[in-house]
Amino acid sequence: MAILEAEHICKSFGKTEVLKDISFSMEQGQALSIIGSSGSGKTTLLRCLNFLETPDAGVIRVNGETLFDGKTAKKKDRNIRKKRLHFGLVFQSFNLFPQYTAIENVMLAKELLARERPDYKEKKRQLREEIRAQAEGLLKQMGLSDRMGSYPHQLSGGQCQRVAIARTLALEPDILCFDEPTSALDPELTGEVLKVMRQLAQRDMTMVIVTHEMAFARDVSDQVIFMDGGVIVEQGTPEEVLNAPKEERTRQFLARFSDR
């Protein structure tokens with residue numbers, strides 16, 4: 001069974017169609033890279049998957065459960081936060097809370113969820129210890145053992161992005177989404193973040209990655225989607241899409257990277 005199924009997703013802003021009948025699926029443990037020029041609809045697609053935007057039409061399923069169906073969806077969905085927990089989103093601009101340390105940023109969402117438990121008052125200390133231990137373990141995985149007490153302004157861009165990845169992993173999402181996670185970083189810091197993402201791929205973390213890093217997409221992805229003008233122009237394995245594209249629009253896009 002596919003872990004993620006997106007069928008006929010459409011999204012407009014006013015009279016501008018941003019997503020036009022987008023459909024794809026992926027299996028547990030796969031990495032899917034989405035490539036394309038700015039304005040092609042990549043980020044809007046991620047935001048629809050994470051329910052930061054509501055599609056105008058289509059169906060989204062995770063592990064066979066229908067999370068969204070445009071035919072029956074209500075404008076105000078009371079379960080929207082629960083549905084978002086299936087997905088973790090790492091933004092290109094980190095979005096860390098500046099008043100919290102690295103470990104506090106990683107712990108925050110899990111602590112807020114814990115407070116909603118009916119047994120929170122009795123188990124407060126135990127839950128907090130468990131959440132802190134998980135956060136410490138994630139930051140160690142990110143190579144940040146010595147920066148847990150640092151505030152975002154004391155960290156490099158690459159370190160901030162690794163804290164953001166740890167924060168997303170803390171909620172144990174089914175699918176981890178990245179929105180151009182290295183676009184705000186210089187080449188050296190980009191390498192730090194891509195190394196962590198490669199490690200996640202090796203551990204079979206299911207990932208949807210919007211990226212301009214073609215070499216990374218080629219090395220890590222099980223599937224690649226090329227979007228242009230709000231549609232999927234071409235999709236397949238990295239070999240098919242990046243090395244032997246069938247569509248002229250895909251070839252024109254990839255030609256921009258051939259001299260880099």
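Visitor: Which residues are exposed on the other side of H6, away from its buried ones?

Guide: Pro187, Glu188, Lys195 and Gln202 are exposed there, where exposed means over 50% relative accessible area, buried means under 20%, and partly exposed lies in between, with a 1.4 Å probe and protein chains only. Please keep in mind that this is a predicted model, in which local features need pLDDT of at least 70 and side-chain atom pairs count only at pLDDT 80 or more, while totals for chains, interfaces and linings use all residues. Residues are numbered from 1 along each chain as its sequence is written, and side-chain values use heavy atoms, with hydrogens and water left out.

Visitor: And which residues of H6 are buried?

Guide: Leu189, Thr190, Val193, Leu194, Val196, Met197, Leu200 and Ala201 are buried in H6. They cover an arc of only 155° around the axis, which puts them on the same side of H6; the arc is that of the directions from the helix axis to the C-beta atoms. In general, an α-helix has 3.6 residues a turn, so residues three or four places apart point the same way.

Visitor: What do the buried residues of H6 pack against?

Guide: They pack against helix H5 (157-170), strand E7 (175-179), strand E8 (207-210) and helix H7 (214-220), with contact meaning heavy atoms within 4.5 Å. The names refer to DSSP runs numbered from the N terminus, helices being H or I with at least four residues and strands being E with at least two. H6 lies across E7 and E8, running at about 150° to E8, where axes are lines fitted to C-alpha atoms, for helices over the stretch in contact, and angles run from 0 to 180 degrees between N-to-C directions.

Visitor: Switching to the core, which residues have the most contacts inside the largest one?

Guide: Those are Leu139, Ile165, Phe178, Leu200 and Met207, in a nonpolar core of 41 residues; such a core is a set of buried Ala, Val, Leu, Ile, Met, Phe, Trp, Tyr and Cys residues joined through side-chain atoms within 4.5 Å. Helix H3 (102-114), helix H4 (120-141), H5, E7, H6, E8 and H7 each supply at least two residues of this core. A second, separate core has 27 residues, including Leu49, Ile60, Leu67 and Val210.

Visitor: What does Met207 touch?

Guide: Not counting residues up to four places away in sequence, Met207 touches Met26, Gln30, Ala31, Leu32, Leu176, Phe178, Met197, Leu200, Ala201 and Val220. Met207 is also the bridge partner, in E8, of Ala31, and 4 bridges join strand E3 (residues 31-35) to E8 in parallel.

Visitor: In what order do the 6 strands of that open sheet run?

Guide: The order is E6-E7-E8-E3-E9-E10, with mixed pairing, and two strands count as paired if DSSP finds at least two bridges between them. Strand E6 (87-90) and strand E10 (231-236) stand at the edges, each with a single partner strand, so one side of each is left without a neighbour in the sheet. The twist averages 20° from one strand to the next.

Visitor: One more place: is Gly149 buried or exposed?

Guide: Gly149 is exposed, with a relative accessible area of 56%, and its place is in the loop between H4 and H5. Gly149 touches Thr101 and Gln154, not counting residues up to four places away in sequence, and its C-alpha lies 6.0 Å from that of Ala102, although the two are 47 residues apart in sequence.
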